[in-house]
Amino acid sequence: MSENKKAEKIAGVKGMNDVLPADAGLWELFENTIQAVLKSYGFQQIRTPIVESTALFARGLGAVTDIVEKEMYSFADSMNGDLLTLRPESTAGVVRAVIEHNLTYEGPKRLWYSGPMFRHERPQRGRYRQFHQVGAEAVGFTGPDIDAELIMMCQRMWDDLGLDNIKLELNSIGDADERKRHRADLIAYFEQHLDVLDEDAKRRLHTNPLRILDTKNPAMQDMVNAAPQLLAYLGEESLAHFEGVQTILRHNNVPFTINPRLVRGMDYYNRTVFEWVTDQLGSQGTVCAGGRYDTLFDMFGGKPTPSCGFAMGIERLLELMKASGEQFAASRCDVYVVHQGAAAQLKASVVAERLRDAGLDVVLHCASASASGSFKAQMKRADASGAAYAVILGEDEVAGDLATVKALRATPGEGHQHSQASVPFDSVADYLVDQIIGDDDGAEHIHYHH
């Protein structure tokens, strides 16, 4: 490259988005709220790798699902030839970890996870190729009570996030033998209506006919609505389990709609399936989906372990929070330290550390290529930082072993003036802690860490 030729910019990968500081406050509010709810139900965090063996997903999700066929980021490790995949979802990885580390040896476990997932699909609003999910997996529980608990936990999350436009849809897809009988009748029914099926449905007819029920094609709606319903094939145990879930939800005033067409693309689901849906995000209405998966542990070579879980898309829920007008505070500091001159710079670093020792959030002005270091320029930065106070150190302050402390927000009771005081250098931390704890009006701007 010639010396005067500018290096070409490299853009981010399509569908894999940056979360910028302006949005970090909303993410933090979401994550803190969700984690508090999970903790209140006794769920413990588990962190699994982003990369897993490709065989894990091919076996768990089913070789003929859209995810495995078209959406997974899979590759051969150039170092050793291992076939690896960026995780498209987390349930398979969590189950693999539970088996590998024998986590249910002492009894059932309530687990939760959070992190990025990867699917190569067309990016659209709230749906990306690298997207983030929070999910919960309750492993080792057999009854309808845990299914209902997971659903009620979701309801509490929506309430705490201030979201009231999310509705619950519920169904049971029974057990394997019940699905097998339904599947045979479903294929026979669809074969009688081949002229109505689109190419996608024809492709799925003998591999995954349940997914045809999930079609969004308007031309197929009437035919699909008249198809045999799985609920009619449920045996006594499956019906009792489903009724048990509904009874607990009704008892706790959680409204729901039974949707007989609600199915799962993954092979491992059985009995309870549920989705939380909204009409606020266009046609892609699901923000959280879950259900029971009693056979997945067997498929992965583990002991039979009845389980239930859900996953929610973080980006889609953040869209809903923005649409609902959710207010969130941008990250602010308590104190901004301004200084002029070499001696003042050294003292400024000392006072900044003392303030942090006292539990305050502090920004120390540092040299910048784009702005002069004049007091005026630094005070503009201090004001823009959202800090409640500026600590100012110049030649006069250094000579007198003092610091000037200036309130950057109007102080009540003083004609709403921005008050200013000279404070002995060694007393600055105590002075500011007293000011901040006693400053009720500034409470929204400032916080004190105990």
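Which residue forms a salt bridge with R354? Before we get there, a word on what you are looking at: this is a predicted model, where local features need pLDDT of at least 70 and side-chain atom pairs count only at pLDDT 80 or more, while totals for chains, interfaces and linings use all residues. Residues are numbered from 1 along each chain as its sequence is written, and side-chain values use heavy atoms, with hydrogens and water left out.

Now to that partner. R354 pairs up with D426, and their closest N and O atoms are 2.8 Å apart. R354 sits in helix α12 (residues 342–357) and D426 in the loop between β16 and α15 (428–438), so the two tie together parts that are 72 residues apart in sequence. To count as a salt bridge here, a side-chain nitrogen of Lys or Arg has to be within 4 Å of a carboxyl oxygen of Asp or Glu. The helix and strand names are DSSP runs numbered from the N terminus, with helices (H or I) of at least four residues and strands (E) of at least two. R354 is partly exposed at 36% relative accessibility, whereas D426 is exposed at 57%. Those words have cut-offs too: buried is under 20% relative accessible area, exposed is over 50%, and partly exposed is in between, using a 1.4 Å probe and protein chains only.

By that rule there are 16 salt bridges. Side chains of opposite charge can pair when their charged atoms come close. Take R292 and D147, whose side chains meet at 2.7 Å, N to O. Here R292 belongs to strand β10 (residues 286–292) and D147 to helix α5 (residues 144–161), so you have a link between distant parts of the chain, 145 residues apart. Both R292 and D147 are buried.

Compare that with E199 and K202, a salt bridge at 3.9 Å, N to O. These two share helix α7 (residues 199–204) and lie 3 residues apart, about one turn of the helix. An α-helix has 3.6 residues a turn, so residues three or four places apart point the same way. E199 is exposed, with a relative accessible area of 61%, and K202 is partly exposed at 37%. Elsewhere, E52, R96 and E100 are linked in a network of salt bridges.

What about the sheets? Strands pair if DSSP finds at least two bridges between them. One open sheet has 3 strands in the order β2-β4-β3, with antiparallel pairing. At its edges stand β2 (51–53) and β3 (73–76), each with a single partner strand, so one side of each is left without a neighbour in the sheet. Neighbouring strands are turned by 35° against each other on average, direction ignored; the axes behind such angles are lines fitted to C-alpha atoms, for helices over the stretch in contact, and angles run from 0 to 180 degrees between N-to-C directions. Between β3 and β4 (residues 83–86) there are 4 bridges, and S74 has T85 in β4 as its bridge partner.

Further along the chain you'll meet β14 (residues 389–393), joined to β15 (residues 402–407) by 4 bridges and running antiparallel to it. Y389 stands opposite A407 in β15. Strand β15 also pairs with β16 (residues 420–424), again antiparallel, over 5 bridges, and there L402 stands opposite P424. K406 is in β15 as well, partly exposed at 22% relative accessibility. Its C-alpha atom is separated from that of I392, 14 residues away along the chain, by 7.7 Å.

Helix α13 (residues 375–384) has A377, Q378, M379 and A382 as its buried residues. They pack against β12 (335–339), β14 and β15, where contact means heavy atoms within 4.5 Å. Just after α13, G386 takes a positive phi of about 85°.

Last, the rings. Rings of Phe, Tyr and Trp (its six-membered ring) pair if their centres lie within 6.5 Å, with planes under 30 degrees apart counted as stacked, over 60 as edge-to-face and the rest as tilted. There are 3 aromatic pairs by this rule. In one of them, Y269 and Y293 have their ring centres 6.4 Å apart and their planes at 85°, so the pair is edge-to-face. Both Y269 and Y293 are buried. Finally, the charged end of K347 sits over the ring of F425, 4.2 Å from its centre; the rule asks for NZ of Lys or CZ of Arg within 6 Å of the ring centre and within 35 degrees of the ring normal.
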